[in-house]
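Reader: I would like to go through this model term by term, and to ask each time what a word rests on. Where should we begin?

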Number of protein chains: 2
Amino acid sequence: MTDRHTIDDSSVVYAFSPDLEPSVTVEPRAALTVETRDSLEGAVQRDGDLMESVPEEVNAATGPIAVEGAEPGDALRVEIEAIRPTEDRGRAVTIPGFGLLRDDPEVAHPHTRVTPVEDGALRFGDLSVPLDPCIGTIGVATADEEYTTLVPHDHGGNLDTTDLRAGATVYFPVFQPGGLLAMGDCKAAMADGEHCGTGAEIATEIDVTLGVVGDAPLSRPLIETDDAWTFLASAETLQTACELAVRDASEALARAHGGEFTDAYLLASLIADLEISQVVDPLKTVRCAVPKGYLADPLD
Amino acid sequence: MTDRHTIDDSSVVYAFSPDLEPSVTVEPRAALTVETRDSLEGAVQRDGDLMESVPEEVNAATGPIAVEGAEPGDALRVEIEAIRPTEDRGRAVTIPGFGLLRDDPEVAHPHTRVTPVEDGALRFGDLSVPLDPCIGTIGVATADEEYTTLVPHDHGGNLDTTDLRAGATVYFPVFQPGGLLAMGDCKAAMADGEHCGTGAEIATEIDVTLGVVGDAPLSRPLIETDDAWTFLASAETLQTACELAVRDASEALARAHGGEFTDAYLLASLIADLEISQVVDPLKTVRCAVPKGYLADPLD
């Protein structure tokens, strides 16, 4: 019955740019299974496998996938239906010059902990960490600049956002015809913040269904969950990212309720939580979550 | 049966310093009801009441309350049992030079929205925001410096943290004999971030039970909820606050599990969410929440 199409991980990108060439072109409403490599490309299999530096090519993103009919000004819709780890271990690492505590003399750089997958959880010494997979890197061709897949920005990229899990839908602004979606860098588990610079990095298969929303008022990635519309923003500092995310959320509230922008900003201060996605990439990503009770559909 | 003691709001402080004088001295395990003024001291009752500038004396904190036997090196425990609004309205405001979007030309400064309390919720135009009271400012006498009640730091102060709600317990390092606790600046509702610089500010009565934990390894405020131990940190930038909170959480994990600090840091990157408290005060406050399954008691 299903005509779900598999996109294998032989075609990947290491940068999002305006001139990506599609590895495959699909129709709107395409149901896909996308294979993704672990972000360290198999280089870390044991605790003794250390990352002496950030590799030149890292965070392979499978794609690019062009969607027929997606045009600049539209939004690309990605329903995340499942994220299945396809190997028996994740890995968390420190890398010299990388991570929140990169300058802390008590933190060893490099250092590796391989986390075996056992009975639906990750083993970390005597502790068990539930599997809760999320997508680290997902985005589309950019408007102008080129960003490596290590960096997040308005096109998505290395968002490292725990909300990018099964059941969520993420929307990206379309900057180039076809959108040109790519994804990878999945985590078997990760905390908001991604403090050390990684979650438990793992190879996966991701089931997604794609779509196109015409003429969508969207400047940056937007996530829909059961409960909330969540506005993502990435910037040099957490403070600037917070400003962008709160501004986008307030604008959507003002459009929805027809009021003054200032009133929407005050309302956001009561109901729209600012949340940390990641603090290490090196641009930082935050999000502002507006409960759906206050906002029916910001893409209308 | 109860000998709950009421601390009225006639004795307040506008700064936390090393040399606070107690307005009252209580025994450990004292059950108190603490009256708190709204942070704007009744100056805003209608939408037309505008805050032209941040008042010199703002965020009145009721106290200081000395606890017998609390000595430097101990922790002061504050079980928050209830927070009851005692007036029929909250207020959210912008103030010139204050708030996340203070420089945004689309935001009016000053601007006020009074939010009437009706049927257990705040009315905001046609919208209804559930009452979910939290304490904005709570802290103890400092080690050295003086901080106005507008500022958060290691002593607590203007933490503006939504976790400071009924059911939570908060611990502060004791820097001066007696601890010298004061609290106020409650919100009827507030989002993580406190974007505009306020929640819905409201006068309350707070039921607390105090206690002293001897010889506690605590540098900054710590919150215990049903699910997590949450390490708070305030600093000039969100990034620095994140470093402090993740460091404290990682140290507690390393102590609990007897491992290397680096391993605890990697574990934190998988399980200990970084969360935003507030981005406006003007020091910023974040928190790092360690689920109790990984940490039995960091004060042991």
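**Between the domains**

Author: Domain 1 and domain 2 of chain A bury about 1,600 Å² between them, and carbon and sulfur atoms give 51% of that area. The largest joint share on the domain 1 side comes from A:Pro152, A:Asp163 and A:Gly193, which supply 25% of what domain 1 of chain A buries against domain 2 of chain A, more than any other three residues. This is a predicted model, in which local features need pLDDT of at least 70 and side-chain atom pairs count only at pLDDT 80 or more, while totals for chains, interfaces and linings use all residues. Residues are numbered from 1 along each chain as its sequence is written, chains are lettered from A and ligands numbered from 1 in the order in which they are written, and side-chain values use heavy atoms, with hydrogens and water left out.

Reader: What makes the area between domain 1 and domain 2 of chain A "buried", and where do the two domains lie in the chain?

Author: The area is called buried because it is accessible area (1.4 Å probe) that two parts lose on being put together, summed over both. Domain 1 of chain A covers 5-215 and domain 2 covers 224-294, with bounds that come from an automatic or database domain assignment. Taken over C-alpha atoms, the centres of domain 1 and domain 2 of chain A are separated by 22 Å.

Reader: How many residues of the two domains of chain A are in contact, and what is the count of salt bridges between them?

Author: In contact (heavy atoms within 4.5 Å) are 22 residues of domain 1 of chain A and 17 residues of domain 2 of chain A. Between these two domains the count is two salt bridges. On the domain 1 side, strand S14 (152-153) and strand S16 (169-173) of chain A are the elements that give two or more residues to the surface touching domain 2.

Reader: Why is the pair A:Arg287 and A:Asp192 called a salt bridge?

Author: The term requires a side-chain nitrogen of Lys or Arg within 4 Å of a carboxyl oxygen of Asp or Glu. The side chains of A:Arg287 and A:Asp192 meet at 3.4 Å, N to O, so the pair satisfies the rule. Over all chains, a search of the whole structure finds 52 salt bridges.

Reader: What makes the salt bridge of A:Glu224 with A:Lys292 a link between separate parts of the chain?

Author: The closest N and O atoms of A:Glu224 and A:Lys292 are 2.8 Å apart. A:Glu224 lies in strand S19 (residues 222-224) of chain A, whereas A:Lys292 lies in the segment after strand S22 (284-291), so the pair ties together parts that are 68 residues apart in sequence.

**Between the chains**

Reader: How do you know what relation holds between chain A and chain B?

Author: Chain B can be laid on chain A with an RMSD of 0.0 Å by a turn of 180° and a shift of 0.0 Å along the axis, the copies being superposed by least squares on the C-alpha atoms of residues with pLDDT of at least 70 in both. That is the relation of a two-fold axis. The same surface serves both copies, since 100% of the contact residues of chain B recur in chain A.

Reader: How much area do chain B and chain A bury between them, and which residues of chain B lose the most?

Author: The two chains bury about 4,900 Å², 66% of it on carbon and sulfur atoms. B:Tyr265, B:Leu266 and B:Leu270 lose the most area to chain A, together 15% of what the chain B side buries. The contact takes 58 residues from each of chain B and chain A.

Reader: How many salt bridges are there between chain B and chain A, and which elements of chain B touch chain A?

Author: The count is six salt bridges. The side chains of B:Arg113 and A:Asp263 meet in a salt bridge at 3.2 Å, N to O. Among the elements that each supply at least two residues of the chain B side are strand S9 (111-118), helix H1 (238-257) and helix H2 (261-271). H2(B) gives the most, with 10 residues; helices (H or I, at least four residues) and strands (E, at least two) are DSSP runs, numbered from the N terminus.

**Backbone details**

Reader: What is omega for the cis bond from A:Gly63 to A:Pro64, and what is it for the one joining B:Asp281 and B:Pro282?

Author: Omega is near 0° for the bond from A:Gly63 to A:Pro64, and A:Pro64 is found in strand S6 (residues 61-67) of chain A. For B:Asp281 and B:Pro282, omega is about -25°, and B:Pro282 is placed in the loop between S21 and S22 of chain B.

Reader: What is phi of B:Glu41, and where is this residue found?

Author: Phi of B:Glu41 is near 55°, a positive value in a residue other than glycine. B:Glu41 is found in the loop between strand S5 (31-36) and strand S6 (61-67) of chain B.
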